[in-house]
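Please open the structure in a viewer and keep the selection tool at hand. The tour below proceeds stop by stop, stating what to select and what is found there.

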Amino acid sequence: MSSEPGVPTYILQSDGLFREGLRLILSKTRFRAHGCAIDLEDLSEIPNDKPVVFIVGVGESQVVICSKIRSQYPLAFIVAVADDGNPHLLAGALEDGANAALFNSVSPDALVSTLQAVVNGKLILIDARLWSLEIPSKAEDRPSPPLANEIPWQVPNEPVAIRLSAREIAVLERIVQGDSNKHVARFFKIAEPTVKAHVKAILRKIGANNRTQAATWALSNRVFDHALDATGDLAVAEDHALDR
């Protein structure tokens, strides 16, 4: 059983085997199911004053389910799951307020890792296979920007060897949050070219081709669990030197 605080989790899906399978998968995690049903109205005693998780199997008959959940439970985290042959349903779920969009072929470990990332990082996680579609722009307008899950979630058994400086880790954390270089520069009160230099160094060191891959690498390797004991102040002098 996870030692982290539990998050009340609710499963909505018409397939009874799907619901039962998810309930068993989550039974020994912090996302233990508090309720399983076909429709939202079938669930009771859902708190609306604190974060909860909804795992929703979206189908053609449930195209508005995410917007309904979002309107009734604004603090909820919504993870939409659909058949691999129906990517448009996941795209619609993102537009309606889902925090994550996954195909039902996702592995149990990847599902739990996604739940952790959504709840802890307040991210929007999108299965890489959805990026061949045009993702609705509304997903990008919400407070938490979209992050593509471009590589399989591989949770290591041992902490990764950190190869980044304290400031690079701090910048990487902002990348995970979806900040642009301009926003990172404002956050740390440093010049934008300095941020670009840090981002370039981060990508080179971890072997990533872009910011999305860097963010996914950081989350899947739990970089912030193992590395943020170091203070970001260690890199301030370096940043100021680069700014000159």
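How many disulfides does a search of the whole structure find? The search finds zero. The model is a predicted one, and this result applies to the structure as predicted. For background, a disulfide is a covalent bond between the sulfur atoms of two cysteines. Select Cys 36 and then Cys 66. Cys 36 is partly exposed, with a relative accessible area of 33%, whereas Cys 66 is buried, at 1%.

**The whole chain**

Next, display the entire chain as a cartoon. The chain contains 11 helices and seven strands. Of its 244 residues, 50% are buried. Consider also the contacts in the chain with a separation of 6 or more: residues 24 or more positions apart account for 65% of them.

**Helix H6**

Select residues 166-176, which form helix H6. Is this helix largely enclosed or largely open? Because 10 of its 11 residues are buried, H6 is largely enclosed by the rest of the structure. Among the buried residues are Ala 166, Ile 169, Ala 170, Leu 172 and Val 176. The buried set also includes the charged-name residues Arg 167, Glu 168 and Arg 174. After H6 comes Gly 178, which has a positive phi near 95 degrees.

**Helix H6 against helix H8**

Keep H6 visible and add residues 192-206, which are helix H8. The axes of H6 and H8 come within 10 Å and cross at roughly 95 degrees. An angle of 65 to 115 degrees counts as roughly perpendicular, and H6 and H8 are therefore roughly perpendicular to each other. To see the contact, show side chains on both helices. On H6, the contact is made by Arg 167, Glu 168, Val 171, Leu 172 and Ile 175. On H8, the contributing residues are His 198, Val 199, Ala 201, Ile 202 and Lys 205.

**Helix H7 and its buried side**

Now select residues 181-188, helix H7. Which residues of H7 are buried? They are Asn 181, Val 184, Ala 185 and Phe 188. These four cover an arc of only 100 degrees around the axis, which puts them on the same side of H7. The general geometry of a helix is useful here: an α-helix has 3.6 residues a turn, so residues three or four places apart point the same way.

**Helix H7 against helix H8**

Display H7 together with H8. These two helices pack at an angle of about 110 degrees, with their axes 8 Å apart. H7 and H8 are therefore roughly perpendicular to each other, and H7 passes H8 in a right-handed crossing. From H7, the contact involves Asn 181, Lys 182, Val 184 and Ala 185. From H8, Glu 192, Val 195, Lys 196 and Val 199 take part. Val 199 of H8 is also one of the residues in contact with H6.

**Two residues with positive phi**

Proceed to Lys 189, in the loop between H7 and H8. What is the sign of phi at Lys 189, positive or negative? Phi is positive, about 60 degrees, although Lys 189 is not a glycine. In general, most residues other than glycine have a negative phi. At 71% relative accessibility, Lys 189 counts as exposed.

Then select Glu 45, in the loop between strand E2 (33-37) and strand E3 (53-57). Glu 45 is not a glycine either, and has a positive phi of about 55 degrees. With a relative accessible area of 77%, Glu 45 is exposed.

**Three further exposed positions**

Return to H8 and select Arg 204, which is found in that helix. At 61% relative accessibility, Arg 204 counts as exposed. Ala 214 is 10 residues away along the chain, and the C-alpha atoms of Arg 204 and Ala 214 are separated by 9.9 Å.

Select Pro 74 next, in the loop between helix H2 (65-72) and strand E4 (77-82). Pro 74 is exposed, with a relative accessible area of 54%. Pro 74 and Pro 51 are 23 residues apart in sequence, yet 8.6 Å apart in space, C-alpha to C-alpha.

Finish at Asp 109 in helix H4 (residues 108-121). Asp 109 counts as exposed, at 61% relative accessibility. Add Ile 25 to the selection: Asp 109 and Ile 25 lie 84 residues apart in sequence and 9.1 Å apart in space, C-alpha to C-alpha.

Key: Residues are numbered from 1 along each chain as its sequence is written. This is a predicted model: local features need pLDDT of at least 70, side-chain atom pairs count only at pLDDT 80 or more; totals for chains, interfaces and linings use all residues. Side-chain values use heavy atoms; hydrogens and water are left out. Buried means under 20% relative accessible area, exposed over 50%, partly exposed in between (1.4 Å probe, protein chains only). The arc is that of the directions from the helix axis to the C-beta atoms. A disulfide is a pair of cysteine sulfur atoms within 2.5 Å. Axes are lines fitted to C-alpha atoms, for helices over the stretch in contact, and angles run from 0 to 180 degrees between N-to-C directions. Angles under 35 degrees count as roughly parallel, over 145 as roughly antiparallel, 65 to 115 as roughly perpendicular and the rest as oblique. A crossing is left-handed if the near helix is turned anticlockwise from the far one by less than a right angle, and right-handed if clockwise. Contact means heavy atoms within 4.5 Å.
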